[in-house]
Amino acid sequence: MHSEKKILIAGGGPGGMVAGIYALKAGLSAVIFEKNPVSGGECTGWNRNGYHIDGCIHWLVGTKEGRAMNRIWKETGALDGVEIYQPESFTAVLGEKTDLRIWRDPDRLKKHLLEVSPQDEAEIEELTDSVKAFRSFEPSVDKPADLMNIFEKFKFLFKNRKVIGKMSKYSRLPVSEYKKRFTNKLISTAFDQIVPEKYSTYSLFFTLAAFTSNNAGIPSGGSRAFTQRLEDKFVGLGGEIRFNNAVEEIIIENGIATGLRLSDGSVETGDFIVTACDPAVVFNRLLKGNFVDDEFQKRYENSKAYPLQSCVYASFAVDADLSSLPGNCIFAIDGIEFEGRKINKLSVKHFCHEPSFSPAGRSLMVAYLDADYDWWKSLNSDKELYKKEKSRLAKDIAGQLEQRFPILAGKTEPLDMATPVTYERWCGAYRGSWLAFGNTPYSEPLRHNGRVNGIERLYMTGQWFMPPGGLPAAAITGKWTIKRIMKDLS
Ligand SMILES: Cc1cc2nc3c(=O)[nH]c(=O)nc-3n(C[C@H](O)[C@H](O)[C@H](O)COP(=O)(O)OP(=O)(O)OC[C@H]3O[C@@H](n4cnc5c(N)ncnc54)[C@H](O)[C@@H]3O)c2cc1C
């Protein structure tokens, strides 16, 4: 109906591609400009020495039939023809005498927690009750609050009233405090594995609710295959993606966004401009710092209330089949030097559920360490030192892995290491953060309609517009953005 109207999208990550798909479905024409040679943004995977390193999905909300988010994945082809792997447990804390598993089966989980820590019975009851309440939560995937009428808002609140009640009860309590209610240290270590401890406690309930209701599995083929399906859907519907084509500037004429200046010097004009890259890239680079967004500025200036998430993602080739080990686990180590201090725990996962990710009989293992952007950024100013430190850290981690799991002895080779600097370089991620601002006891809900004050026909989308981000946030906001454009067109 509107195919003469052209939308230009800056960024071919999940958010940009989902926006593109809904634009085409709504009858607009769409072109995506992506700075990298491949689509997918932070949701990616790459090959090294015969292994495939999956760099993103360890849980994807929306894998359960009938749930609101599942409908979005279906509409965008993200799960077309794909089996969903449902891990038995979210994580395992390997203790000295006992192990603790966060089982997917809610009854098994409750029974196990009570066996491991009978003295925490009252808290375990409250935890499992809260998780149960959160299982019914459905986000408003089709419409953002600014497009809802009063009845739709009321309906949304009424439907989710139980969860909203629990959210307000736990919103001012950080996980770091909540975990102290449990006397058992294995339980509090498990919580640290599930969400960052600065986050409000309800984030923990959300995660466990999605996982224990089979609504957060892993699509087979992993992250790269997932985003390839989005790209295929977009192109199949008639969309165009131009790779290696960074957007340098949004062209604004008389307060209207009319086009994009690209890295090859060319200019592309369109009826609507959508940015689906990191908002910091948009404000600082594409808008040349000329427009300040109060909601984002407040967040950039207060890292306590609005923490970010980055990591060191260290991959290892293992000449052994690790399928008998838990897929995800954390354990105590002797202590290795990391960012100038000692760390005493290591969190690792393997990918034996994906036989094609490693040569036959071998396994891919990844160690995940929460990381400080400033530390790595400063180190990276000396490329040789940065390289040397990555290699030293990889060797130390491999040593700890071999010590903890005898099956790995003499069989673990460092393969690859991503740091916060990698995430910044790859996608322009603000301070290397591949998630949006976290929800903490000190944060306020983001009130943003994806527009920049003073510029018409410019729309911002992507995970940063739905804290704390993640793939569902990128996809939902992509759909919302097209709804806003269609409303403006009507
Ligand atoms: C280690 C790790 C684990 C993760 N685990 C999960 C998980 O288990 N579940 C989950 O839901 N999410 C997970 N995520 C988060 C997920 O990857 C992000 O939520 C998602 O990629 C956000 O999509 P987006 O499109 O909003 O942004 P991005 O993925 O950042 O995409 C933005 C795109 O814009 C492009 N771009 C930037 N600047 C320009 C420019 N000037 N011109 C043109 N293009 C530009 C970038 O190259 C990129 O392709 C994980 C991420 C990482 C790194």
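## Close-up views of a predicted model

**View 1. Five strands form an open sheet with parallel pairing, in the order 10-2-1-14-20.** Like everything in these legends, this sheet comes from a predicted model. Its edges are strand 10 (240-242) and strand 20 (458-460), each of which pairs on one side only. From one strand to the next, the twist averages 20°. To see one pairing in detail, look at strand 14 (residues 272-275), which runs parallel to strand 20 and is joined to strand 20 by three bridges. Here isoleucine 273 stands opposite leucine 458 of strand 20.

**View 2. A second open sheet has seven strands in the order 8-7-16-17-18-15-19.** The pairing in this sheet is mixed. Strand 8 (99-103) and strand 19 (412-418) are the edge strands, each pairing on one side only. The average twist from one strand to the next is 30°. At one end of the order, strand 7 (residues 89-94) and strand 8 run antiparallel and are joined by four bridges. Within this pairing, serine 89 has tryptophan 103 of strand 8 as its bridge partner. Helix 14 (residues 383-404) packs on the sheet, where it touches strand 15, strand 16 (328-338), strand 17 (341-350), strand 18 (363-370) and strand 19. The direction of helix 14 makes about 135° with that of strand 19.

**View 3. Strand 3 (residues 45-48) and strand 4 pair in the antiparallel sense over four bridges.** Two residues lie between the strands of this hairpin, and asparagine 49 takes a positive phi near 45°. If you would like a pair to follow across the hairpin, try asparagine 47, whose bridge partner in strand 4 is histidine 52. Which way do the residues of strand 4 (residues 51-54) point? Tyr51 and Ile53 point one way, while His52 and Asp54 point the other way. All four of these residues are buried.

**View 4. Around the ligand there are 39 residues, of which Gly11, Gly13, Gly15, Gly41 and Gly462 come nearest.** Two or more residues of this shell come from each of helix 1 (14-25), strand 15 (311-318), helix 15 (420-427) and helix 16 (471-489). Which element gives the most? That is helix 1, with three residues. Sorted by class, the shell has 21 nonpolar, 14 polar and four charged residues. Domain 1 (6-81 + 223-305 + 439-489) and domain 3 (311-430) each contribute at least three residues to the shell.

**View 5. The protein chain is divided into three parts: domain 1 (6-81 + 223-305 + 439-489), domain 2 (87-213) and domain 3 (311-430).** This view focuses on domain 1 and domain 2, whose centres, taken over C-alpha atoms, are separated by 28 Å. Their contact takes 17 residues from domain 1 and 19 residues from domain 2. On the side of domain 1 that touches domain 2, helix 2 (68-75) and helix 16 each supply at least two residues. Helix 16 gives the largest share of that side, six residues. By class, the side of domain 1 that touches domain 2 has eight nonpolar, three polar and six charged residues.

**View 6. The buried residues of helix 8 are Leu186, Ile187, Thr189, Ala190, Phe191 and Ile194.** What do they pack against? Their partners are strand 7, strand 8, helix 3 (106-116), helix 7, helix 9 (201-212) and strand 16. Strand 7, strand 8 and strand 16 may be familiar from View 2, where they belong to the seven-stranded sheet.

**View 7. Asparagine 184 sits in the loop between helix 7 (175-178) and helix 8 (185-194).** Is this residue buried or exposed? Asparagine 184 counts as buried because 21 C-beta neighbours lie inside 10 Å, and the cut-off for a buried residue is 20 or more. Leaving aside residues up to four places away in sequence, asparagine 184 touches Val116, Ser117 and Asp120. Leucine 113 offers another marker for this view: it is 71 residues from asparagine 184 along the chain, with 9.7 Å separating their C-alpha atoms.

Conventions. Residues numbered from 1 in each chain as written. Predicted model: local features only at pLDDT ≥ 70, side-chain atom pairs only at ≥ 80, totals over all residues. Buried ≥ 20, exposed ≤ 12 C-beta atoms within 10 Å, placed from the backbone. Contact = placed C-beta atoms within 7 Å. Near = placed C-beta within 6 Å. Nonpolar A, V, L, I, M, F, W, Y, C, P; charged D, E, K, R; others polar. Domains from an automatic or database assignment. Pairing = 2+ DSSP bridges. Axes fitted to C-alpha atoms, helices over the stretch in contact; angles between N-to-C directions.
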